[in-house]
Amino acid sequence: MGGFKLFSHKGTTKSPAMAGDLGNEKMKFEVIINAIEDGVMLIDLEHTIQLFNPGASRITGWKVEDAAGVDVSAVIKLVDSKNQPYSDDQNPLMKVFKTGQSVRDNNAYLTNRSGKQIPVSVNVSPLVDNATVSAVVAVFRDVGEERAEEQRRADFISTASHEMRTPVAAIEGYLALALNAKVATIDNRARDYLEKAHSSTQHLGQLFQDLLTSAKAEDGRLSSHPVVVELGAFLEQLSNDLKFAAEKKGLFAEFVIGSSHNIDASQGGERVVRPLYYAFVDGDRMREVVTNLFDNAVKYTESGKVSIGLTGDDKVVQFYVRDTGPGIPAEDVPHLFQKFYRVDNSATRTIGGTGLGLFICRKIVELYDGRIWVESEVGKGSSFFINFPRLNAKQAADKQAQEAGNAELQPINSLASS
Ligand SMILES: Nc1ncnc2c1ncn2[C@@H]1O[C@H](COP(=O)(O)OP(=O)(O)OP(=O)(O)O)[C@@H](O)[C@H]1O
Ligand SMILES: [Mg+2]
């Protein structure tokens, strides 16, 4: 680009022809700054705007001459996606003054002079003089078009997967009927074909479901009805339901609970009192998470064992899904919970999958202030851990009483409103 050549560092510092020609340099500088479509601002230590280009004027609605010399907080009003004004700790400009490090924020909205919200990406860099920040340069870009495009893409995925689930469910239903000996008569070869068609259809249905869930998770529309769940009983039941899939593949499946071995002598004989692990989560969503992890463990493990375990201390409930499978290389671990990420190896090339399972798990776990991570050793196996805040017995009882109260209130409310 011509502009870049004009303002190269070589030209400003070394070229003898340019030396001393400050007027010319200043003109070029202005031409470039004025031509940049992004909003560019220079802000001094008193937070006063020292330079404000026409790009900044377009985005903020402030005239260049009006903004110059004004406190930046009057001109740059940033809010988050929920329309909450940024605190000083969130504000990239203030962060740079405080830390002296460059900051980028791609999710901000700027309230312009006429009160309209404009999606912006903000990049703020410090100008450092003798190891102290002397001013900051802020670059603002209007990303309305990009965000609208992202939204359209997400909407398309969720509409398409939603619409396609219905016919797939119908096909699956009819295939199940055809396979039901009480309803239809088919020969063995047809049965074999239909069984294959049935399992592929189930797979397709699951894929649409995953696409839909991940699209919803991305824009925060994942439905969730958290209640108090005792994870011990919950996981034991779920492990029972899941273990057949492992045993079918010749893997040993187990459920391990707690580490505490209190002995309750009053019951006569020795009895292990099992600790109760309460958490505030949505049971259906939890089932989805554990099923995804367990499916992975079974899918990627050739031989050995798959365990579901539960432990915790007084603050956290921790559960894990552990396998004796191939393990995950360290360089893949940081990307594992991203959308569509699959480890590239011969196993994943032959074993089907979309790379959505772990992304969905992370999104769900984060709904309940939880954390998910993996510890793995190549050739030995992997353990996926999840931590949730633990409720003690009293907190659990209080919340349950509250839930019961809400449930009782509901009919009264609906009577009143009908
Ligand atoms: N227990 C495991 N052992 C080894 N590798 C695993 C294990 N779990 C996950 N992985 C790796 O992580 C990748 C991402 O897992 P994820 O569940 O997100 O996707 P997927 O299983 O490939 O597809 P799907 O969307 O059907 O779940 C997998 O492709 C696999 O390479
Ligand atoms: Mg998976």
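Contact here means heavy atoms within 4.5 Å, and in this predicted model helix H8, which covers residues 144-179, lies across strand E4 (103-111) as well as E5 and E6. The direction of H8 is at about 95° to that of E4.

The strands that H8 lies across belong to an open sheet of six strands, whose order is E2-E1-E6-E5-E4-E3 and whose pairing is antiparallel. At the edges stand strand E2 (49-52) and strand E3 (77-79), each of which pairs on one side only, and from one strand to the next the twist averages 35°. Strands of a sheet pair through backbone hydrogen bonds, either parallel or antiparallel. Within this sheet, E5 and E6 run antiparallel and are joined by ten bridges, and Asp-129 stands opposite Thr-132 in E6.

The residue ranges of several strands are set out below.

| Strand | Residues |
|---|---|
| E2 | 49-52 |
| E3 | 77-79 |
| E4 | 103-111 |
| E5 | 117-129 |
| E6 | 132-142 |

A further contact is made between two helices, H11 (residues 283-300) and H13 (residues 357-367), which pack at an angle of about 145° with their axes 9 Å apart, and the crossing of H11 and H13 is left-handed. On the H11 side the residues that take part are Arg-285, Met-286, Glu-288, Val-289, Asn-292, Leu-293 and Asn-296, and these meet Gly-357, Leu-358, Ile-360, Cys-361, Ile-364 and Val-365 in H13. Sorted by class, the residues in the contact of H11 with H13 are eight nonpolar, three polar and two charged.

Note on methods
Residues numbered from 1 in each chain as written. Chains lettered and ligands numbered in written order. Predicted model: local features only at pLDDT ≥ 70, side-chain atom pairs only at ≥ 80, totals over all residues. Heavy atoms only, no water. Axes fitted to C-alpha atoms, helices over the stretch in contact; angles between N-to-C directions. Helix = DSSP H or I, 4+ residues; strand = E, 2+ residues; numbered from the N terminus. Left-handed = near helix turned anticlockwise from the far one by under 90°. Nonpolar A, V, L, I, M, F, W, Y, C, P; charged D, E, K, R; others polar. Pairing = 2+ DSSP bridges.
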